[in-house]
Amino acid sequence: MVKKAVIIAAGMGSRLNGHGCGRPKPLVNVAGVGLLKRAILTAGRAGISEFVIVIGHRGDEIREAIANDPQIDVHIEWVENPEWKRGNGLSVLKAREFVEGSFLLLMADHLFEPKVITRMRRLLLGAGESALCVDTRLERIEDLEDATKVVLEGDRIRKIGKALNRYDAVDTGIFLCCPALFEGLELAVAGGDDTLSGGVGIIASRGNMRAVDIDGLFWQDVDTPEALRQGETALFARLGKPTDGIVSRHFNRKVSSWISRFLVKTPVTPNQVSIAAMMVTFLAGWAMAEGSHLYVALGGLLFQFASIVDGCDGEIATLKFAGSRFGEWLDTVADNVSYLGFFSGVIYGMYKLTAQPVVVALGFSALALNVLAVLLICVYLKHSGSGSIVSFNMGFSSEVPEGRRGLLHRIYCGLKFACRRDFFAALFCVLAILNCLEAIYWIFVLGSGLVVSAVFGFIGHIMRTRSAEAEKLVSGKAD
């Protein structure tokens, strides 16, 4: 597949340039990351390892910012376009000697998700053929008047340009190109049209420009302050995880994303947020240990707040490309250690209310069971090559074939749902406000057995499934 991308970052971008920060347009931040940097890192996640970046207006500032960024560790070749005031087709032509064979062509001021790049990289082009990713969902295009329109005939582009009155789709600015594009650009420039659309139009007139529908995947052209706000809002709206429970989807994510909107603009790291969530949970445990109604209610509210904040570390890591294996393990360990601290407070608070030694004995037996469950989960994660609890939650769906998902599978999935932090944090918050510390205690004590049973059952079922699949594979090879 294609490994090289050309990114056009030469223009002035007068409608957005320096928006509120005095930076050149490619360095304007969206959700805490500059536009050009976001394009590079997003394409990098989709497998692009080599970049040719064409710069012009304030090019030295752009090159210095990217070259000195420790997050960007891909190979970059910088190309100067002294004629950046002219059409963007000239910027593409400047990259000609730096590419061989097929390459991706991207715009520095466009947002997109990695899946778009993956889809384009996998295309098989015919001789002399190029492809453009288009969006046929015209109703969602905000600045349609300024968009580059496309006329389609089947999967072929027949016409392209901003002045078309009748059209079927718009240009997303994401291309898979063959070297023949440069010939088309030269012919267009010779004819007085120095835009990229001019060169693409010549290729299209030969029937060699394929259209690839973006098919609902995310992209956003960031040309104006309004488009910048819309793009940022769209990025935050995409932060949910497939493992999110009902409470997370409908409440926690809405609050955590609002907090993350502020945090991404600061130097705060995801690991610092993980530690902060753990500290808040410890504080909630201390409040529970006091035993009085006021403190128990405070503990419940703090536990729920910690559950919300716990989502911010992943959101910041996603938005700022700051995820790491260490961060995954830190989040997993911090979450589970914080639970032990919180429930230790619940046990002590219950003991203060009842003065019964059996409360302590049962409580710490339940804590021991939870420690065992956590250790089993950590062993599973280590063997799966991930430190994220998300991979454990997703494991049952990804590792167990549909044909082996029977009653036990449904039971384990139900138990895992009940064990979600968002679910029991919200439940405990309500019970704490109602001064039902006893209910919290007994749910914890009795639920710990179910938790361990679910974890044992889950991992045991996975092991049996893997063993069966291995035997099937060996049997197949023997046959």
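In this tour, buried means under 20% relative accessible area, exposed means over 50%, and partly exposed lies in between (1.4 Å probe, protein chains only). The model is predicted, so local features need pLDDT of at least 70 and side-chain atom pairs count only at pLDDT 80 or more, while totals for chains, interfaces and linings use all residues. Residues are numbered from 1 along each chain as its sequence is written, and side-chain values use heavy atoms, with hydrogens and water left out.

**Stop 1: strand S1**

Select residues 4–9, which make up strand S1. Helices (H or I, at least four residues) and strands (E, at least two) are DSSP runs, numbered from the N terminus. Is S1 largely enclosed or not, and why? Six of its six residues are buried, so S1 is largely enclosed by the rest of the structure.

Now show the side chains. Lys4, Val6 and Ile8 point one way from S1, and Ala5, Ile7 and Ala9 point the other way.

Next, add the partner strands. Two strands pair if DSSP finds at least two bridges between them. Select residues 50–55 to see strand S4, which runs parallel to S1 and is joined to it by six bridges. Look across from Ile7 and you will find Ile53 of S4. Then select residues 103–107 for strand S6, also parallel to S1, with four bridges joining the two. Here Ile8 has Met107 of S6 opposite.

**Stop 2: Arg38**

Move on to helix H1, residues 35–45, and pick out Arg38. Lys and Arg count as positive and Asp and Glu as negative, while His and the chain ends are not counted. A salt bridge is a side-chain nitrogen of Lys or Arg within 4 Å of a carboxyl oxygen of Asp or Glu. Which side chain of opposite charge is nearest to Arg38? The nearest is Glu232, 7.1 Å away, and Arg38 is buried yet has no salt bridge.

Turn to Ala31 next: its backbone oxygen lies 3.5 Å from a polar atom of the Arg38 side chain. Now show the surroundings, with contact meaning heavy atoms within 4.5 Å. Leaving aside neighbours within four places in sequence, the residues in contact with Arg38 include Val30, Val33, Leu111, Leu235, Leu319 and Phe321.

**Stop 3: two cysteines**

A disulfide is a pair of cysteine sulfur atoms within 2.5 Å. How many disulfides does the structure hold? It holds zero. Select Cys178 as an example: the nearest cysteine sulfur belongs to Cys177 and is 7.5 Å away. Cys178 is buried, at 8% relative accessible area. Jump along to Cys429, which is buried too, with a relative accessibility of 9%.

**Stop 4: salt bridges**

The structure holds 24 salt bridges, and this stop visits some of them.

Start by selecting Glu129 and Arg210, whose closest N and O atoms are 2.9 Å apart in a salt bridge. This pair links distant parts of the chain, 81 residues apart. Glu129 sits in the loop between helix H4 (114–121) and strand S8 (130–135), whereas Arg210 belongs to strand S12 (residues 209–213). Are these two residues buried or exposed? Glu129 is buried at 8% relative accessibility, and Arg210 is buried at 15%. Add Asp155 and Arg156 to your selection: together with Glu129 and Arg210, they are linked in a network of salt bridges.

Next, choose Glu183 and Arg206, a salt bridge with its closest N and O atoms 3.4 Å apart. Glu183 lies in helix H5 (residues 180–190) and Arg206 in the loop between helix H6 (196–205) and S12, so the pair ties together parts that are 23 residues apart in sequence. Glu183 is partly exposed at 38%, and Arg206 is partly exposed at 41%.

**Stop 5: helix H7**

Finish at helix H7, residues 225–237, with Glu226 and Arg229 selected. These residues are three apart, about one turn of the helix. Their side chains meet in a salt bridge, 2.8 Å from N to O. Arg229 is partly exposed, with a relative accessible area of 48%, and Glu226 is partly exposed, at 40%.

Before you leave, select Leu16 as well. How far is its C-alpha atom from that of Glu226? The two C-alpha atoms are separated by 9.4 Å, although the residues are 210 apart along the chain.

Definitions and conventions: A polar contact is a pair of N or O atoms within 3.5 Å; within protein, one must be able to donate a hydrogen and the other to accept it, and residues adjacent in sequence count only if both atoms are side-chain atoms.
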